[in-house]
Amino acid sequence: MSATLPPIAATTRRGIDVLEALRGALSALSANLLRSILTALGIFIGVAAVIATVAVGEGARRQVLAQIQSLGANLLIVWGGSATMGGVRLGAGGRSNLSWDDAAAIAREIPEVQVAAGSIRQTFQVVAGNQNWSTTVLATEPDYFIAHEWVADSGRLFSPEEAASGRKVVILGATVAEMLFAEEDPVGREIRIRQTPFEVIGVMARKGQNPMGQDQDDTVFVPYWTARRSVMGASRANARQVGVISVKVHEGEDMAAAEDAIRALMRQRHRVAANESDSVSIRNLSDIQATRDASARTLSALLASVAAVSLLVGGIGVMNIMLVSVTERTREIGLRLAIGARRRDVLAQFLLEAVMLAQLGGAAGVLAGMALSHILADVAGWPVLVRADAVLIAVGVSALTGLFFGFWPARRAAHLDPITALRHE
Amino acid sequence: MTGLIETSGLTKHYPAGDGVVAALQDVSLSIAPGRFVAAMGPSGSGKSTFLNLIGCLDRATRGSYRLMGEEVDALSHDRLADLRSRRLGFVFQSFNLLPRADALANVELPLIYRGMPRRQRRERAAAALAAVGLVDRMHHRPTQLSGGQQQRVAIARAVVGSPDLILADEPTGALDTRTGLSIMALFQALNRDGVGILMVTHDADVARFAERVLRFRDGRLITDETQNAADAAAALAALPEADAAA
């Protein structure tokens, strides 16, 4: 019997290789499979909750953002102020004191403004062939489409000449086109508004709901002067009246400054005395966005703190089980030290086990969180968006949790005295 | 020439209660490479403390210890681990095999800490297992092996790194006579191939297979004798064939 093996080359490098360490950690964790799973559960729940809530929150935020952007960027809406008639204040938009000329003045005199378009709306029953539909007729000028960043899906928009000449042309919103013409192409066809025939020259691209939940596509557009002459029956008193003015501010200009300039101009044009309040109110749609963003951020902070607590509890669970594991495997540690493991090898071994434990929980949590997001999306009908950075952060944080809470048990293992460890029962 | 082991005035004190216990006092000796040495003595005689010091698992309170010319007391934890890994192999009374790993993986373990590539490691561990007669037990777990087989796995683990010295702490203490003899025969075979052995035992029946016997009492080395070692293989053959083989 010969037991001598060839000597090991002196050049053989010292130190344990990564793959071997991973294999060792995995086999140690699978040796106590149920215990490992239960320990990872704390991390799992925390990570899954973070992924799902962030996904739902982000989906909701994107939806709001899309709605607001659908209205047009850099958009200010000027509403008529509360006109006072015989001592009765009529409330915002009650009876507009805005005129076609106010819109022209805003476009002309305020340098920040790109376009300003007055519009007035009224509900009518519109008829095409044997179909009819009650919808909003919006009388405006071509600049309205620039302000609201709205284009025709088929056909064309009306030209400034058509607007000025009072030609009887109409552009249909997508919903109206569907209701009156179903699958057919409405362009070139005729519809009647209050018995007046209009030629359909285009159909607008679909915009969907605005942030207030109204269908923006349930509208037809006619040139302002056409409407005033033919359908809206202008009286002498309000012949040039508009309901609102849509103002698009030049890209990069200060919205607040433009708002102030418009307010000042309107005070001057409406001859408002210094001690009276403004004659108009202005809505900046980015304000709505900012408010919603702020509440979304508050919610995110709340979720983050819940996740932090969950990960803390999970981390303490990891530490607890690692301490148990070190105690159980005292003899193994003593043996490893005796046969040539350095302290750092033992430290690395137990750290790796802790990180792997936390990571298994984290990875399973990511998958469960993504699945949960999609289930929520289906059930609640919310849009969801699993954010890559949330996934990365969740995985990173669970790894750090393992590292942080695994360090103390691992250090205890590495500093065991091999002699007493080998005698441990 | 330089001995494998050279100690002078080696002393170990442990704190105990108010004072200290002198576990080992003033041991000076030299052991040449490739010898089979037994350290004997009753419990508390200092033989295990001596083994731990020689095994670089503990540091002396006083005195010096040189392993193959290298002063051990001055070394860092990492250097000591390195010495254990390259120069020494351990065999314990209770085997200390990893219960979850099969025989091959247990034997591979020391090589993992030397960073040997997996394939080379497995080949070498298989060769070591073949050398202790367990070629057909490589994928058995410790619980599937008899005590004698477990100790053979432990011996394979001790020799797999080509050590200069095997340190054995009561290697036959948990085994029956026949199995113990077979382990002694294995030690003598390894020793003939040039591996030094330092074996701690309280059993004179086991110590007779060594060629030199150190006797300890109350922490002191009291006798140091060379003897004609008995042949373990012959003793095994002389046993009546009655019971089942180990």
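Start by selecting helix 5 of chain B with strand 6 and strand 7 of chain B: the helix lies across both strands and runs at about 170 degrees to strand 6. Here helices (H or I, at least four residues) and strands (E, at least two) are DSSP runs numbered from the N terminus. Angles run from 0 to 180 degrees between N-to-C directions, and axes are lines fitted to C-alpha atoms, for helices over the stretch in contact. Two residues are in contact if their C-beta atoms, placed from the backbone, lie within 7 Å.

Two notes before we move on. This is a predicted model, in which local features need pLDDT of at least 70 and side-chain atom pairs count only at pLDDT 80 or more, while totals for chains, interfaces and linings use all residues. Residues are numbered from 1 along each chain as its sequence is written, and chains are lettered from A and ligands numbered from 1 in the order in which they are written.

**Stop 1: the six-stranded sheet of chain B**

Now show the whole open sheet that holds strands 6 and 7: its 6 strands follow the order 6-7-8-3-9-10, with mixed pairing. Strand 6 and strand 10 (220–226) stand at the edges with a single partner strand each, so one side of each has no neighbour in the sheet. Direction ignored, neighbouring strands of this sheet are turned by 15 degrees against each other on average. Two strands count as paired if DSSP finds at least two bridges between them.

Zoom in on strand 3 (residues 36–40) and strand 8 (residues 196–201) of chain B, which pair in the parallel sense over 5 bridges. A handy pair to label is B:Met40 and B:Thr201, the latter in strand 8, which stand opposite each other.

**Stop 2: helix 3 beside helix 5 in chain B**

Return to helix 5 (residues 147–159) of chain B and add helix 3 (residues 103–112) of chain B; their axes come within 7 Å and cross at roughly 30 degrees. The two helices are therefore roughly parallel to each other, the term for angles under 35 degrees; over 145 is roughly antiparallel, 65 to 115 roughly perpendicular and the rest oblique. The crossing is right-handed, meaning that the near helix is turned clockwise from the far one by less than a right angle, whereas anticlockwise would be left-handed. On the helix 3 side, pick B:Ala103, B:Asn106, B:Val107, B:Leu109 and B:Pro110, which meet B:Val153, B:Ala156 and B:Arg157 of helix 5.

**Stop 3: two loops with positive phi**

Most residues other than glycine have a negative phi. Go to the loop between strand 6 (88–91) and helix 3 of chain B, where you will find B:Asn96. The phi of B:Asn96 is positive, near 55 degrees. B:Asn96 counts as buried because it has 22 C-beta neighbours inside 10 Å; the cut-offs are 20 or more other C-beta atoms within 10 Å for buried, 12 or fewer for exposed, and partly exposed in between, with C-beta atoms placed from the backbone.

Next, B:Ser162 sits in the loop between helix 5 and strand 7 (165–169) of chain B. B:Ser162 also has a positive phi, about 50 degrees, and is partly exposed, with 16 other C-beta atoms within 10 Å.

**Stop 4: the four-stranded sheet of chain B**

Select the open sheet of 4 strands in chain B, which has the order 2-1-4-5 and antiparallel pairing. Strand 2 (19–31) and strand 5 (70–71) are the edge strands, each pairing on one side only. Further in, 5 bridges join strand 1 (residues 5–16) to strand 4 (residues 62–67). B:Thr7 has B:Tyr65 of strand 4 as its bridge partner.

**Stop 5: across to chain A**

Colour helix 2 (residues 77–87) of chain B, whose buried residues are B:Leu80, B:Ala81, B:Arg84, B:Ser85 and B:Arg87. These pack against helix 10 of chain A, together with strand 4, strand 6, helix 3 and strand 7 of chain B.

The contact takes 29 residues from chain A and 34 residues from chain B. On the chain A side, helix 1 (18–31), helix 10 (330–338), helix 11 (343–380) and helix 13 (418–423) each supply at least two residues. Helix 10 gives the largest share of that side, 4 residues.

**Stop 6: chain A**

Finally, zoom out to chain A, with its 13 helices and 12 strands. Its C-alpha atoms fill a box of roughly 120 × 55 × 40 Å along the principal axes. Of its 425 residues, 40% count as buried.
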